[in-house]
Amino acid sequence: MKTMNFALVGVGGQGVLLASDILSELGAHVGFDVKKSEVHGMAQRGGSVLSQVRWGDKVYAPLVGKGSVDYLISFELLEALRWLDFLKPDGIAVVNEQRLPPLAVSSGGMEYPGEERIKQALSQASKEYHIVPALAKAQELGTERATNVVLLGALSRHLDVPEKQWLEVIEKRVPKKYVDLNRKAFAAGQAL
Amino acid sequence: MKVLLSGNEAVARGAYESGVVFASAYPGTPSTEILENIVQYEEIYAEWSPNEKVALDAAIGAAYAGKRALAAMKMVGLNVAAEGLFYSSHTGFDGALVIVNADDPGMHSSQNEQDNRHYAKFAKVPMLEPTDSQEAKDFVGLALDISEEFDTPVLLRLSTRICHSSALVELGERKAKKDEPKPFARNPAKYCMIPGFARRRHPVMEQRLKDLAEYAETFPYNKVEWGDRSLGVVANGVAYQYAREVFPEASFLRLGMSWPLPEKLIRDFASQVDKVVVVEELDPFLEEHLKIMGIEVAAGKEFFPILDEFNPGIVRDAAFKAGLVDETVEVQKVEMGDLPPRPPVLCAGCPHRPVYYMLKKYGLVVDSDIGCYALAVLPPIATTDTLGCMGASIGVAHGINRAGVEERAVATIGDSTLWHAGMPGLLNVVYNQSNTVTIILDNLTTAMTGHQPHPSTGRTLMGEKTVRGDFEALAKAMGYDEVRTVDPLNLEELEEALKASLDSNKPAVVITRSPCIFMYDERPPLYYVDLERCNACGRCFEIGCPAVIRSDEIHEKSGEAKAEINSILCFGCAVCEQVCARKAIHLVEE
């Protein structure tokens, strides 16, 4: 298989890194060579977060450059725009419908991009994009923390991986008492 | 069995499998997780030392004791530990030592960019460089074997991208010799580096380098991979992986051992390809040595940048400009205008914030240090004038005050950083009697690297209870009369202590003690803004707290936005409540 590249982006604390762990494990579970790359340290403090995951028969680089990502999974609308130039022209964006205004907006003078501008940029840069209410679905299930698994559910619709394998990996990665919740979160994502 | 491991996790596993019994480090991005993972293996004694110099000395001691030892540090940590590298290169060991050293190209979390391959040449020691997690694990054992065979410390050089990327790794079993104490192998002529003895060791080192260069010719990871012979790529570390993607058909010489270099192997390779290009991150280290060998390099640093971290896009772009590939990746131009940036910021409720708020108020020159409080350099806080390296703040402030400027200079330094490299500077101020005020930002943890224990937390890396270092007693023992401890979340107390210390015109220490918000078991009660009372004066915005935001409500007279507190971010520090002149900020009643 040609290498398949994912970029998962969001804000420190949103659960981006767990989602990219699950996606990496899934690739290995399906039988691919896998590499994953992320940066720790400063980014934890409410900064912008980027994690990259690659699947393939043989993956060399742990990173991809701009213009090379097949799937952009964004946990936040502004962050989707920030990393949009990582997408290939025929790439797909799955974006959580959530606005987290950074300090430059909430107490500075800058403006958070409006809905029109966001949609226009997304449609310009991708083959298709999906803004999904992952946060709202997770809240319906009782916890914002499940947003990442809802988003993975939404992503799963675009990948040729059986549901069973997704669930096996999710069960392995989340604490036992949250397995049921995460199964529901994944199903909710699939339905979006 | 294959498992996904980051480079750091893989090094820890490698230490376990190769029989390491002693590991030491000081936390630093990107190498922190090595020791955090080693501690899970009960066969290995593991410690956070107060700094990298001590970590390396301790690991050298363990290797003198005949054991297999590992010391880990980020690249600037080796600057701190450099003396240990040099003397241990002279002495060698009865046991074995690997020094794991993580470079940070691109400065994701560092104060400078440096290429630590120079240290291998400088200290005349071998250096290995893995290209992925599997090799990161396996190279620990190889490094220790080389250390034993050639009686030398071995540098294992990682980079941020090796440390923090994950790949599949085949695990092995632990191979360890019996770990029973034996008599110390006394040999002062080998282990005491007085000039007379060191002079006898130097020729031994020179011979060792020649022997190692011979060994490098057959080192299994100095490897030729033949492809199309019109292009020969010489590459090392993670850059090899990027080059592999960009030049899928080319012939490769990958160098897993970057010092000393296998000259014969390199010459043979170069003679069998039409042209040689060198793909390496940071300095032209390999390129220069190839040129010294008289090998023509068709494309090196004039195309593949010295600055910043590589990725496949950068390597492809450079290869395109060098005429080595026909096309580069097209990056889409999307019209988006300016996006609001989202840099990391001090957390809401961070006890460092009010200290800088107060320093700004007094117009002081602020000399700062390495830690979360580096986030006070940029807006919204923007209250730092100098920041160099671990422990620099106090010496710099002393120098500014002694040389004299119109303002007073003060030093700010965190608790873990003070133990690391701040103590000699603190002593210098009081010994040489400058009127420098040193503020020790004591948040009871090593926050920036992920909350590791340190010498005044009362805990060790292995989770054992221990003594708590005492900053007040330390300052008094050094000779300070002016020592004050305050809660920085109490602005009145903080201001009084700062003012009294400045007014004393003597060497002074202010310890601002309040736990990092990650140290709390429960989130404290939150605050809210009474919009009726708020007159949009904006004083609470001056604190620069991410939880204090502009509301949609506009004050009629001024036309300014009133304040609002984000209930998700607020951590109840009450600093905004204290600066509000209108008494409009209150505790949320449960």
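This report describes the fold of chain A, its contact with chain B, the sheet that both chains share, and selected local features of chain B.

The model is predicted: local features need pLDDT of at least 70 and side-chain atom pairs count only at pLDDT 80 or more, while totals for chains, interfaces and linings use all residues. Residues are numbered from 1 along each chain as its sequence is written, and chains are lettered from A and ligands numbered from 1 in the order in which they are written.

**Chain A**

Chain A contains eight helices and six strands, where helices (H or I, at least four residues) and strands (E, at least two) are DSSP runs numbered from the N terminus. Along the sequence, these elements follow the pattern β-α-β-β-β-α-β-α-α-β-α-α-α-α. The radius of gyration of chain A is 16 Å, close to the 16 Å that the globule rule gives for 192 residues, so chain A is as compact as a globular protein of that length. That radius is taken over C-alpha atoms, and the globule rule is 2.2 Å times the number of residues to the power 0.38. Along the principal axes, the C-alpha atoms of chain A fill a box of roughly 50 × 40 × 35 Å.

Of the 192 residues of chain A, 56% count as buried. A residue is buried if 20 or more other C-beta atoms lie within 10 Å of its own, exposed if 12 or fewer, and partly exposed in between, with C-beta atoms placed from the backbone. Among the contacts in chain A with a separation of 6 or more, 67% come from residues 24 or more positions apart; two residues are in contact if their C-beta atoms, placed from the backbone, lie within 7 Å.

Helix H7 (residues 163–173) and helix H8 (residues 179–190) of chain A pack at an angle of about 145°, with their axes 10 Å apart. Axes are lines fitted to C-alpha atoms, for helices over the stretch in contact, and angles run from 0 to 180 degrees between N-to-C directions. On the H7(A) side, Trp166(A), Leu167(A), Ile170(A) and Glu171(A) meet Val179(A), Asn182(A), Arg183(A) and Phe186(A) of H8(A). The residues of this contact divide into five nonpolar, one polar and two charged. Here Ala, Val, Leu, Ile, Met, Phe, Trp, Tyr, Cys and Pro count as nonpolar, Asp, Glu, Lys and Arg as charged, and the others, Gly among them, as polar.

**The interface and the shared sheet**

In the contact between the chains, 46 residues of chain A touch 44 residues of chain B. Helix H1 (16–30), strand E2 (33–38), helix H2 (77–82), helix H3 (103–106) and helix H4 (115–125) of chain A each give two or more residues to the side that touches chain B. E2(A) gives the most, with six residues. By class, this side of chain A has 24 nonpolar, 13 polar and nine charged residues.

An open sheet of eight strands runs through both chains in the order E6(A)-E5(A)-E4(A)-E1(A)-E3(A)-E2(A)-E8(B)-E1(B), with mixed pairing. Two strands pair if DSSP finds at least two bridges between them. The edge strands, each paired on one side only, are strand E6 (128–132) of chain A and strand E1 (2–6) of chain B. Neighbouring strands are turned by 20° against each other on average, direction ignored. Helix H7 (residues 133–150) of chain B packs on the sheet, touching E1 and E8 of chain B, and its direction makes about 60° with that of E8(B).

The following table lists three strand pairs of this sheet.

| Strand pair | Direction | Bridges | A facing pair |
|---|---|---|---|
| E2(A) and E8(B) | antiparallel | three bridges | Lys35(A) and Ala167(B) |
| E1(B) and E8(B) | antiparallel | five bridges | Leu5(B) and Ala167(B) |
| E1(A) and E4(A) | parallel | four bridges | Phe6(A) and Tyr71(A) |

Ser37(A) has Ser165(B) as its bridge partner in E8(B). E8(B) is mostly covered, with five of its six residues buried.

**Local features of chain B**

Two cis peptide bonds precede prolines in loops. The bond from Thr29(B) to Pro30(B) has omega near 15°, and Pro30(B) lies between strand E2 (22–25) and helix H2 (33–38) of chain B. The bond from Trp259(B) to Pro260(B) has omega near -15°, and Pro260(B) lies between strand E12 (257–259) and helix H12 (263–271) of chain B.

Ala382(B), although not a glycine, has a positive phi of about 45°. With 11 C-beta neighbours inside 10 Å, Ala382(B) counts as exposed.
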